[in-house]
Structures are given as structure tokens and as C-alpha cells.
Amino acid sequence: MGGMLAADTDQALPSPADLSGRLLPWFDAHHRTELPWRRPGTTAWGVLVSEVMSQQTQVARAAPVWEAWMARWPTPADLAAAPTADVLREWGRMGYPRRALRLQECARIVATEHGGVVPADPAELEKLPGIGVYTAAAVAVFHYGRRHAVVDTNVRRVVARLGGQSDAGTATTKADLAAAESLLPEDAPTAARVSVALMELGALVCKARAPECGTCPVSGLCGFSGQEVPAGPSRKRQKYKGTNRHVRGEVMALLRDAEGPVERARIDAVWPDRRMLDEAVAQLITEGLIGTDEAGRFELPSR
DNA sequence: CAGCCGTGGCA
DNA sequence: TTGCCAAGGCT
């Protein structure tokens with residue numbers, strides 16, 4: 001599309017009817033039933049928690065944390081009332097602990113401003129901290145059955161390949177959302193199932209590095225079917241070892257595992273570069289991920 | 001909008 | 001072993 005010459009690999013996307021006809025029977029037969037948040041009776045809050053935990057963390061790692069988390073704090077009010085230190089410890093080693101902080105803020109807002117009821121409207125959900133375009137759509141569609149495009153990295157890749165490209169761009173664009181929306185049938189419950197199924201297809205079959213076109217239910221509709229995935233990273237990757245994030249991770253790990261407040265000398269032992277350490281500690285305090293007691297020792301925030 | 005924010009599974 | 005890649009969001 002667009003004014004420039006289209007790549008010769010571009011291909012029209014399938015019609016909603018054609019896609020649904022292939023995709024939904026496949027989903028019914030092959031989707032993962034073991035994901036705990038897919039159990040009947042999971043609340044809207046439970047779905048929201050599962051989506052936040054799954055942001056940039058593999059669902060297999062999020063699942064056991066979700067189980068313990070929901071058993072301990074079943075409702076937004078429960079999480080809102082918890083000490084933040086407990087929340088960060090339960091989050092464990094899932095990474096990006098700011099997500100845990102924002103999830104608790106989310107719980108406080110839902111509990112106090114929404115009467116404990118998770119909004120069903122994507123625009124309303126997006127106002128909550130840590131809830132972006134993807135997560136808002138996921139809650140609205142997966143729990144409330146709305147007809148709305150749900151575009152994560154899996155769906156971007158599936159839609160790109162259906163259109164003949166080897167992979168999607170670096171970020172979700174309006175065009176991505178429009179393309180995904182164009183694949184949805186009119187009927188909302190069916191559209192919601194198509195959205196789930198597109199994600200599942202990306203996770204199980206249309207995988208980033210090794211797509212299994214031979215067993216793909218929509219290979220007959222796909223412009224990329226059977227082609228080789230180009231070698232090398234699909235986009236620029238960030239370093240971790242030796243970076244600020246690494247330092248932050250070490251400090252957080254120390255405080256998570258500590259019994260009580262920690263002396264600065266023990267913090268100093270986790271990283272040799274004093275400048276980097278000072279910077280990381282200052283950031284963590286500013287962001288509310290760690291705090292200090294009256295004696296100047298460090299600890300996870302009590303509230 | 002490009003860069004930043006953790007951590008671990010897996011090929 | 002090393003490095004890609006994860007149900008993204010925020011600034």
C-alpha cells in the first residue's frame with residue numbers, strides 16, 4: 001500500500017470469512033488449555049493481571065506466578081491493600097518490576113474509582129497505569145468479548161506474513177491495527193475468538209524464527225507460506241550485561257532476597273563500578289522501587 | 001520515536 | 001555457548 005512501489009511480496013489479506021473458516025476450527029482443536037487464566041470463571045481482574053505479567057515475559061514463566069498471585073490477592077482491593085514489598089517479592093524474577101508497581105497502582109484506581117470493576121472499554125482501560133493499546137484491547141476482547149483488534153508481537157507477525165512480508169515492523173502502527181481489524185468478522189463473539197486465535201497461531205505455529213507452514217491452518221491464504229525467514233535479528237536488540245539495567249536487577253535481587261533493611265556496604269558489594277551503582281540506586285528510589293529507613297538502610301518499599 | 005526498562009528459555 | 005526473543009509501555 002502507499003504511494004511507493006509495493007514490494008513484490010505484498011499480497012492482499014484474506015477475507016474475514018475465509019480466515020475464520022480455517023482459523024477457528026484449528027484454534028478449537030489446538031489451543032493451549034493449560035494456561036491458568038483461561039480457566040472458566042477467571043475474573044476480568046485476573047485477565048488484566050495475566051496480561052500485565054505477560055508483557056515481555058513468556059507466558060510459561062508468568063503462569064505459576066499468576067496462580068500464587070491470584071490466590072493471595074484475588075481482587076483489586078486485595079492487591080491495593082498489600083505492602084508493596086510483598087508485591088515486589090511475589091513478582092519475583094519475572095523482570096521489569098515497574099510493572100508490579102503499576103499493577104498495584106492499577107488495583108488502587110480500580111478499587112477506589114471504579115468500584116472494583118475493571119472497565120470494559122479499551123479507551124477507559126488505557127487510562128490505567130501500565131495498560132497500553134495492546135493490554136487494553138486484550139482485556140476488552142478476551143474477558144468482555146468486545147469486537148476490537150488485539151495486536152501484540154504475535155499478531156503483527158501473523159498479519160505481516162499473511163500479507164507476504166517476512167516479518168512486521170518495530171512497533172505497532174495504525175496500519176497494523178487497521179489490518180488486524182480488517183480480518184475480524186462483524187459478529188463480536190466470533191471476532192473475539194478470531195483475535196485470540198491469531199495470537200495463538202503466532203505463538204504456536206507462525207513463530208518468529210521457525211514458522212511451521214507445513215501444519216499451518218491458514219497456509220493456503222498466506223503470502224509468506226513456505227518462504228525462509230531471513231537470518232539475523234529482525235530489529236535492533238539491546239544489551240543487558242554490564243548495563244544500567246543489569247545493575248538495577250542486581251540491586252533489586254539483593255533487596256528481594258534480604259530479610260530486613262540492608263546496609264549500603266552490602267549494596268556496594270553487588271557491583272564494582274561505584275558511579276553506575278549510585279546512579280542505579282538513585283533511579284530506583286525515584287521510581288519507588290526501593291526505599292530507605294530512618295537509619296539510611298535500603299529496603300523494598302513498605303507501601 | 002528510538003531508547004530504555006529484567007530475566008530466562010531455547011535453538 | 002551465545003544471542004534471539006519474549007501476550008509491551010512509557011518518555
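Helix H8 (133–143) and helix H9 (153–162) each put at least two residues into the surface near DNA strand C. Helices here are DSSP runs of H or I with at least four residues, strands are runs of E with at least two, and both are numbered from the N terminus. Before going further, note that this is a predicted model, where local features need pLDDT of at least 70, side-chain atom pairs count only at pLDDT 80 or more, and totals for chains, interfaces and linings use all residues. Residues are numbered from 1 along each chain as its sequence is written, chains are lettered from A and ligands numbered from 1 in the order in which they are written, and side-chain values use heavy atoms, with hydrogens and water left out.

**Around the DNA**

Let's stay with strand C for a bit. There are 28 residues around DNA strand C, and Glu51, Gly130, Gly132, Thr135 and Arg157 come nearest. Of the strand's atoms that come within 4 Å of the protein, sugar and phosphate account for 64%. "Near" in this setting means that a residue has a heavy atom within 4 Å of the molecule or strand.

Three side chains make polar contacts with the strand, as tabled below. A polar contact is a pair of N or O atoms within 3.5 Å; within protein, one must be able to donate a hydrogen and the other to accept it, and residues adjacent in sequence count only if both atoms are side-chain atoms.

| Side chain | Partner in DNA strand C | Distance |
|---|---|---|
| Arg32 | base nitrogen | 3.1 Å |
| Gln56 | phosphate oxygen | 3.3 Å |
| Thr135 | phosphate oxygen | 2.5 Å |

**Two positive phi values**

Gln56 has something else going on: its phi is near 65 degrees, a positive value in a residue other than glycine. You'll find Gln56 in the loop between helix H2 (44–53) and helix H3 (59–72). Gln56 is exposed, with a relative accessible area of 68%. The cut-offs are under 20% relative accessible area for buried, over 50% for exposed, and in between for partly exposed (1.4 Å probe, protein chains only).

Tyr96 is another non-glycine residue with a positive phi, near 45 degrees. Its place is the loop between helix H5 (84–91) and helix H6 (98–113), and at 43% relative accessibility Tyr96 counts as partly exposed.

**Arg147 and its neighbours**

Back to H8 and H9: the loop between them holds Arg147, which is partly exposed at 25% relative accessibility. Leaving out residues up to four places away in sequence, Arg147 touches Glu181, Leu184, Pro185, Glu186, Ala188 and Ala191. A contact here means heavy atoms within 4.5 Å. A polar atom of the Arg147 side chain lies 3.0 Å from the backbone oxygen of Leu184, and the backbone oxygen of Glu186 lies 3.5 Å from a polar atom of that side chain. As for Gln227, 80 residues from Arg147 in sequence, the C-alpha to C-alpha separation is 32 Å.

**The whole chain**

Zooming out, chain A comes to 14 helices and 2 strands, and its C-alpha atoms fill a box of roughly 65 × 45 × 35 Å along the principal axes. Of the 303 residues, 43% are buried. Among contacts between residues at least 6 apart in sequence, 65% join residues at least 24 apart.
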